[in-house]
Amino acid sequence: MPEPFPSAAPPIVEIDRLTRQFGNKTAIDDLSLTIPRGGVFGLIGGNGAGKTTLLRHILGLLKAQTGSVRVFGLDPVACPVGVLGRIGYLSEDRNLPNWMRVRELIRYTEAFYPAWDSKYAEELREAFDLDPLARVKNLSRGQRARAGLLVALAHRPDLLVLDEPSSGLDPVVRRDILGAIIRTIGEEGRTVLFSSHLLDEVERVADRVAIIHKGQILLNAAVDEIKESHRRVTLRFDQLQERPPQLIGALTQEGSGCEWTYICNGESEQVRRAAQALGATVVYDSALSLDEIFVTRVSQ
Amino acid sequence: MRSMPHALLWEMFAGGWWSLTGMTLMSCLIPMLVHAEMMKLQVDASDPAMVLLQLAFIPLVIIQAAIGVLIAQRRTSRLYAMPISTHAIVAWHTFAGAAVLALLVAIVSWLLNALFGANWPIGSTVLFSIAVWSSMQLLASVSTQQSLPGLCFAGTPLLLLFVWLPSRYGAYSPPPTHYWSGVTAGEFVFLATITIFCLVVTNYSTRWARCGERLPVIGLWNWIVAKRDAMASRVEVRPRFSSASAAQFWSEWRQKGLILPGTFFVVLSIGFLAGVQRWVQSNFQLAEVYEGVFAFGSFQLMLAAIAGFVLAMDFNSEAAGQRETQLGDSLDGSNYEVMGSFQASRPVETREFAFVLLRVAGVSIAITWLMWFAAACGCLGLMWLSNQLPSNYLAVKQPWGYLAIMVVGPWTLMANAATLGLIAIRHKRLAYVAVATVVCYLVAAAVLHDSNVPKPIQTLVHSVVIGLIALAVTLVSVWSFWQAYRSRFLSLRAVATAVLVTAVVFAIGIGVQPAELTVVEFLVLIGFAVLTVSPVASLPILIAANRHR
Amino acid sequence: MQIHITANEGVPIYLQVANQIKYLVAAGRMVAGEELPPIRTLAESLMVNPNTIARAYRELEMAGIVEKRRTLGTYVSDQGSPLARRERMKILSDRVDQLLAEAGNMDVSLEEIQKLVQQRYSVIRSSRSKDTNDA
């Protein structure tokens, strides 16, 4: 399988042994992560897993307590202009200046980005059906997200960071957001980093995902790889089994008597061989959705 | 917690005891400072000046304590979805709050009486505070509708109360002559009427707000605003900003720039009216108007300090912060960000943010000062026309010192208030602790004053404390300049300029006060001179700390 | 070209795309020489990652179902080629495997299955000819 990422290019984000505490709660726990250039990187995790905290570190809105964060090879806290100027960011709470009108918001944001493309901004505004005279505080939830997306996209950022872009939005706006992600990486060398807990979306658009749980990365791989390496198999044993026999690579097991169902990590062929070694036959073997893989991994 | 009043009271104390104690401490801070000063000057309660002071302090204490209770109670809207009638919500909010406020006001009055021998009438102050509380509840409930005429209407009872208060001191033909010692039946009926009226109107407005309806008058006003907005904005197309900092300046100015000039304009108008009143009384001596306008210039100082606190805030972050904690994905303890994520993620250097804020402060101070200057010149012009030119143009004792303070003072206060505001919003408890420390010091000073410790030793203690504070201010400022230089917020040239400005202010200070300086006075003067420039260094450091938490 | 993706299912998305194109070709709904939509267009209309579509096209190309004509785009290749035929047989044998496995579980013999296949074939053929007669 050809690697979807040009591995020769330097990674866009490098996080090395980052730890972050708020009071006595540990939000990020000795986390290391590298995000390659190009493609879509999905960050998935439950509420309070540390997704937002991690993204805020990448933007430099939080300072690394221990460890280091490098974006485009720079420290985002030390050089905000060098890093933030190449990033488009849509925050989870869609924090925008409420008192501005949409037109003023566009003009205001434009001043900060030398690479701002006015024509593209106008196209987006029309596509999103945003009234230039409307005040940001009067926009509906969906329109607010679109306005935030517009000002995050119109300078054609090298890295687009979206924090829970679709949470609480209707399918039409979600489609706009996914479309923006897809169009963004359609252009060479640009990267999208987004966090979500809507896993079907992640499965659709992400090249690579990392599962974050309790401030740590549980799994970091290409989506296809993850899907191929996780299977649900049901084994039939000749004798009644009191407790499930240990299957190599098994993450969870349930069942009773002669039939036991495992969710395990490994290729179909490997699992078959492991089952044979236990003296069992595989009666059912299927792939898992990202949802199921996530739940399995996190509930371990 | 079986009953709703139980739950509400518990909520108020459990969730808001910091704001209750903090705001109460804050409210007695200024009266205590002044009373301590008066005590040093051997002025006692029989002096007419003390009557005037009490008249000024009673609203101050009550309003600050009431704000503390309002914060502790939180918005009524949190109860809208609960199975409680609107009457019950309003009644319990008002009664529980009134009880707590009455208690706080009684404590503050008692403290002032006990420590400084002030003659605060506890009974009438408490009754007055209950009426004020009820009218503030009305104001708070209407303020959710965010409309100017609604606020004007809802503010009327409060205004009425504060206009009525001086009459209890015999104060319409100045100066006030006596204390408000006992409550008559008529006064009681007046206060009770206002309280009940406010309660009833609050009930109506809450009922409207609960089902998302708007007050009729507000709907009309909003319609007018919408029409005017639409017409204006179709014409106006904003040109491109020349740079990021120009855009940032526009944004900050639109939000905060007119606060100081606007409030000062109102104050100056009151000063002008007071002057006109005295002009009528004094057989049309224009000098009275001129003096009124001139003396009211000192309000610039107080207003600048308040505007400075506001300057430090990012108005878009509060709501965002609340939402964030609701989502539970943020473990960040503070639900009140100083800088929202939109603002913080703009690609600008932090020093630009700081300099934009300082520019906003500078421009609004300049406008305010010019407004004052123009008013004074206008009066002088009228006097010249009517051949009544005064012998002393500058109607204060030390005119040049006064003018110098009016130029440097607002700047120093506003910029440093912004600095303090940045610290206080981020570390609320630190702010409360700081205020509490000052109050404790004042209480200790009062106790010391009444003790047998000889006067020279008392003076020595106070001088040492003040000298140490001035020294600390100087050292912290020097340290922040060093930090700012190291973090490349300031260039070497900027630091050198700051040193030069400090020296100039110091020299002017010596020039204005040519007498022999004691060591403490010397330190205080240096501290003051340093404070005029220290925000240039401390502001970027603090903004960076808030931006990259 | 009609393709329907269901995310959140066991089958990887690139396989869903590739399989559905295979069936479209096998069913004659896409004919030799017909152009496939460009990767980015298809990605945007299906709301999936362009790399996924690219991978599906690569799979199809390796299976000989489509061919890339430099810079021009991707086209359905000539169905007569032995590679394509082999691919079709492979799809069918996958299906037959599944059928046989099910039959084994339900205790149905091979003869019964062969009979069933014959029976269904004649039913489908008769209904089809009826359809064409009606038309």
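Welcome! A good place to start is strand β1 (residues 13-22) of chain A, which is joined to β2(A) by seven bridges, the two running antiparallel. This is a predicted model, and the points below take you from that strand pair to the contact with chain C and then to chain C itself.

**A sheet in chain A**
- Within the β1–β2 pairing, E14(A) has T34(A) of β2(A) as its bridge partner.
- The pair belongs to an open sheet of three strands, ordered β2-β1-β4 (chain A), with antiparallel pairing.
- At the edges sit β2 (25-35) and β4 (66-71) of chain A, each of which pairs on one side only.
- On average, neighbouring strands of this sheet are turned by 25° against each other, direction ignored.

**Where chain A meets chain C**
- Chain A brings 25 residues to the contact, and chain C brings 16 residues.
- On the chain A side, several elements give two or more residues, among them β3 (39-44), α7 (199-205), β13 (280-287) and α10 (290-298) of chain A.
- The element that gives the most to this side is α6(A), with seven residues.
- Sorted by class, the side of chain A that touches chain C holds eleven nonpolar, nine charged and five polar residues.

**Chain C on its own**
- Chain C contains five helices and two strands.
- Read from the N terminus on, its elements follow the order α-α-α-β-β-α-α.
- Chain C has 135 residues, and 22% of them count as buried.
- Taking the contacts in chain C between residues at least 6 apart in sequence, 50% join residues at least 24 apart.

Definitions and conventions: Residues numbered from 1 in each chain as written. Chains lettered and ligands numbered in written order. Predicted model: local features only at pLDDT ≥ 70, side-chain atom pairs only at ≥ 80, totals over all residues. Helix = DSSP H or I, 4+ residues; strand = E, 2+ residues; numbered from the N terminus. Buried ≥ 20, exposed ≤ 12 C-beta atoms within 10 Å, placed from the backbone. Contact = placed C-beta atoms within 7 Å. Pairing = 2+ DSSP bridges. Axes fitted to C-alpha atoms, helices over the stretch in contact; angles between N-to-C directions. Nonpolar A, V, L, I, M, F, W, Y, C, P; charged D, E, K, R; others polar.
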